[in-house]
Amino acid sequence: ACCLPRDLPRLVDQFLDHLRPRAIVLVEAELWPNLLRATEERRIPVGVLGAQVSQRTARRWSRVPEAAGRLFGKVTAFAAASVGDAERLVSLGVAPERVAVTGWLKWPDEPGAAPGIDGLESELGQRFSGSLATAPLLVLGSVHPGELARVASALTGSHLAAGNSRWLVVPRHVRSCRALRREAEHVCAAGSVSVESRFGVLRSWYSLADAAFVGGGAAGRGVHNLLEPVQAGLRPLCFLERGDPAQVGEVLVGEGLAIELSGGARGQGLEAEVLPSTTDAWPRLRAQWDGREAGVRFLMSRGVLRP
């Protein structure tokens, strides 16, 4: 077990000369020019699992097609996360036979398998009291500053509006706690919001939630992991305008397993009965979009990995 060095020619050369790998498998979008140059010189095959190329990245590379062709051409095979990712790779000059849509990598455990944290449920009585003690619990996961105001506006008039429900906010980055608390003071009813400052508790909060919102799509670089609340039996709310890595949000919204707030579901139109999801869809989702084994099989078929 080791870490890749910084992408500097001398460090990369020393690393590969010492380790002498037979193949290298990169994940999602980690394409480093000096690493790929060095692997090509040593005839080391490189594969990418869950390969992702955002629309923004594709536009940027399309301005320098020759450079894009040189970089992406050094990769032996791309196991793409989605149809859109595969199409963008081909548009950048990757030969179609070197690309296959194999699916997503970041899958949580089977439904009902989320780890619990002792005392978490009793914490709700300390965080929320009075008339909110039994109100619906909305867990807002992986939230960036600026997103609470957007959610508050979208949920105005619904049973999930702050004041009608309890908001438990889990920041994307712990350093954002103070900014999110200030934002909550301006846009939410007093006492209706609590900001979590611990790391690693999001999935446990999802397991207690009546509804979930997943951040990143309104103020980040793209919506974060929607599969975790789906795994917990919820139909998560989200924004997709800032990006949708691997088209996870698009697929889940199309399947009725997630709700895009920027798509018009807001206010009185957001009824309580539309929020609970079902684990019945989990096997079907896994069969179609779990790209872990399928991606490895494709890299084997292209000679990157051996059976």
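**Cores, sheets and ring pairs in a predicted model**

The largest nonpolar core has 36 residues, and Trp104, Val139, Trp205 and Leu252 are those with the most contacts inside it. The elements that contribute two or more residues to this core are helix H6 (120-127), strand S5 (137-143), strand S6 (166-171), H9, strand S8 (211-214), helix H10 (227-231), helix H11 (248-254) and helix H12 (282-289). The structure described here is a predicted model. In soluble globular proteins, nonpolar side chains tend to be buried together.

Leu252 shows what such a core residue touches. Leaving aside neighbours within four places in sequence, Leu252 is in contact with Leu226, Leu227, Val230, Leu257, Ala258 and Leu285. Apart from the largest core lies another, of 26 residues, which includes Ile24, Leu26, Val53 and Phe72.

The strands come next. Strands of a sheet pair through backbone hydrogen bonds, either parallel or antiparallel. An open sheet of six strands runs in the order S7-S6-S5-S8-S9-S10, and its pairing is parallel. S7 and strand S10 (259-260) stand at the edges with a single partner strand each, so one side of each has no neighbour in the sheet. S7 is joined to S6 by three bridges, and the two run parallel; across this pairing, Leu168 has Ser194 in S7 as its bridge partner. S6 also pairs with S5, again in the parallel sense, over six bridges. In that pairing Leu138 stands opposite Trp167 in S6. S5 is largely enclosed by the rest of the structure, because seven of its seven residues are buried.

Just beyond S7 is a charged residue, Glu196, placed in the loop between strand S7 (193-195) and helix H9 (202-208). Is Glu196 buried or exposed? With a relative accessible area of 2%, Glu196 counts as buried, because the cut-off is under 20%. The side chain of Glu196 makes a polar contact of 3.1 Å with the side chain of Arg127. Not counting residues up to four places away in sequence, Glu196 touches Arg127, Leu168, Val169, Val170, Pro171, Cys177, Val201 and Trp205. Two of these names have appeared already: Leu168 as the bridge partner of Ser194, and Trp205 among the residues with the most contacts inside the largest core.

Another set of parallel strands involves S2, S3 and S4. Strand S2 (residues 46-51) pairs with S3 in the parallel sense over four bridges, and Ala51 stands opposite Ala80 in S3. S3 is in turn joined to strand S4 (residues 99-101) by three bridges, the two running parallel. Ala80 stands opposite Val101 in S4. From strand S3 (residues 77-80), Ala77 and Ala79 point one way while Phe78 and Ala80 point the other way, and all are buried.

Val48 lies in strand S2 and counts as buried because its relative accessibility is 1%. Leaving aside neighbours within four places in sequence, Val48 is in contact with Leu26, Val27, Glu28, Leu31, Val75, Ala77, Phe78, Ala79 and Leu299. Of these, Leu26 belongs to the core of 26 residues. The C-alpha atoms of Val48 and Leu124 are separated by 43 Å, and the two residues lie 76 residues apart along the chain.

The aromatic residues complete the picture. A pair of aromatic rings is described by the distance of the centres and the angle of the planes. There are six aromatic pairs in the model. In one of them, Trp61 and Phe72, the ring centres are 5.8 Å apart and the planes lie at 80 degrees, so the pair is edge-to-face. This pair links distant parts of the chain, with Trp61 in helix H3 (residues 55-62) and Phe72 in helix H4 (residues 65-72), eleven residues apart. Trp61 is partly exposed at 22% relative accessibility, whereas Phe72 is buried at 2%.

Trp104 and Trp107 form a stacked pair, at 5.8 Å centre to centre and 25 degrees between the planes. Both Trp104 and Trp107 are buried. Ring pairs link Trp104, Trp107, Trp282 and Trp289 into a cluster. The charged end of Arg286 sits over the ring of Trp107, 5.6 Å from its centre. Elsewhere, the charged end of Arg150 sits over the ring of Phe239, 4.4 Å from its centre.

Note on methods
Residues are numbered from 1 along each chain as its sequence is written. This is a predicted model: local features need pLDDT of at least 70, side-chain atom pairs count only at pLDDT 80 or more; totals for chains, interfaces and linings use all residues. Side-chain values use heavy atoms; hydrogens and water are left out. Buried means under 20% relative accessible area, exposed over 50%, partly exposed in between (1.4 Å probe, protein chains only). A polar contact is a pair of N or O atoms within 3.5 Å; within protein, one must be able to donate a hydrogen and the other to accept it, and residues adjacent in sequence count only if both atoms are side-chain atoms. Contact means heavy atoms within 4.5 Å. Rings of Phe, Tyr and Trp (its six-membered ring) pair if their centres lie within 6.5 Å; planes under 30 degrees apart count as stacked, over 60 as edge-to-face and the rest as tilted. A charge sits over a ring if NZ of Lys or CZ of Arg is within 6 Å of the ring centre and within 35 degrees of the ring normal. A nonpolar core is a set of buried Ala, Val, Leu, Ile, Met, Phe, Trp, Tyr and Cys residues joined through side-chain atoms within 4.5 Å. Two strands pair if DSSP finds at least two bridges between them.
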